[in-house]
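Here are my comments on the structure you sent, set out as numbered points so that each can be checked against the coordinates.

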Amino acid sequence: GLAALNLAAHECLMVGDSVQDLQAAHNAGVPAVGVAWSLLYPSGTLTSQAQPDYIIHNMPDLLKIIKGE
């Protein structure tokens with residue numbers, strides 16, 4: 001777990017393309033990042049079902065989240 005890595009949940013991000021990925025992030029107390037290009041969930045479905053903290057449309061969006069922009 002995170003304790004083995006000496007990390008707190010707020011120091012991490014979980015990036016996922018499924019409802020299950022984002023639910024796992026929520027269950028762990030980790031901020032959830034949903035990808036807009038999920039093949040499993042059409043546009044908007046992932047965000048309405050899993051309510052991620054962030055949505056990214058490309059990898060530079062993830063970098064912005066990490067940098068706090």
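**Notes on the predicted model**

1. In α1 of this model, which is a predicted one, the residues Val19, Leu22 and Ala25 are buried. Because these three cover an arc of only 125° around the axis, they are placed on the same side of α1. An α-helix has 3.6 residues a turn, so residues three or four places apart point the same way. On the other side of α1, by contrast, Gln20 and Asn27 are exposed.

2. What, then, covers the buried residues of α1? The cover includes β1, β2 and α2. Beyond the helix comes Gly29, which follows α1 and has a positive phi, near 75°.

3. The largest nonpolar core has 7 residues in all, namely Val19, Leu22, Ala25, Ala32, Tyr41, Leu46 and Ala50. Both α1 (19-28) and α2 (45-50) supply at least two residues of this core, and its largest share, 3 residues, comes from α1. Ala50 makes contact with Val19, Leu22 and His26, once its neighbours within four places in sequence are left aside. There is also a second, separate core of 5 residues, among them Val33, Ile56, Leu62 and Ile65.

4. Ser18 deserves a separate look, and its place is in the loop between β1 (14-16) and α1. Is Ser18 buried or exposed? Its relative accessible area is 6%, under the 20% limit, and Ser18 is therefore buried. If residues up to four places away in sequence are not counted, Ser18 touches Leu40, Tyr41 and Leu46. Ser18 and Gly34, although 16 residues apart in sequence, are 7.7 Å apart in space, C-alpha to C-alpha.

5. The side chain of Ser18 also has a polar partner in the backbone, for one of its polar atoms lies 3.1 Å from the backbone nitrogen of Asp21.

6. A second serine to inspect is Ser38, whose place is in the loop between β2 (32-35) and α2. Ser38 counts as buried because its relative accessibility is 10%, where the limit is under 20%. Which backbone nitrogen does the side chain of Ser38 reach at 3.2 Å? That nitrogen belongs to Leu40, while the backbone nitrogen of Tyr41 lies 3.3 Å from a polar atom of the Ser38 side chain. Leaving out residues up to four places away in sequence, Ser38 touches Asp17 and Leu46.

7. Taking the two serines together, Leu46 is touched by Ser18 and by Ser38, and Leu46 is itself one of the residues of the largest nonpolar core. Tyr41 likewise belongs to that core; Ser18 touches Tyr41, and a polar atom of the Ser38 side chain lies 3.3 Å from the Tyr41 backbone nitrogen.

Definitions and conventions:
Residues are numbered from 1 along each chain as its sequence is written. This is a predicted model: local features need pLDDT of at least 70, side-chain atom pairs count only at pLDDT 80 or more; totals for chains, interfaces and linings use all residues. Side-chain values use heavy atoms; hydrogens and water are left out. A nonpolar core is a set of buried Ala, Val, Leu, Ile, Met, Phe, Trp, Tyr and Cys residues joined through side-chain atoms within 4.5 Å. Buried means under 20% relative accessible area, exposed over 50%, partly exposed in between (1.4 Å probe, protein chains only). Helices (H or I, at least four residues) and strands (E, at least two) are DSSP runs, numbered from the N terminus. Contact means heavy atoms within 4.5 Å. A polar contact is a pair of N or O atoms within 3.5 Å; within protein, one must be able to donate a hydrogen and the other to accept it, and residues adjacent in sequence count only if both atoms are side-chain atoms. The arc is that of the directions from the helix axis to the C-beta atoms.
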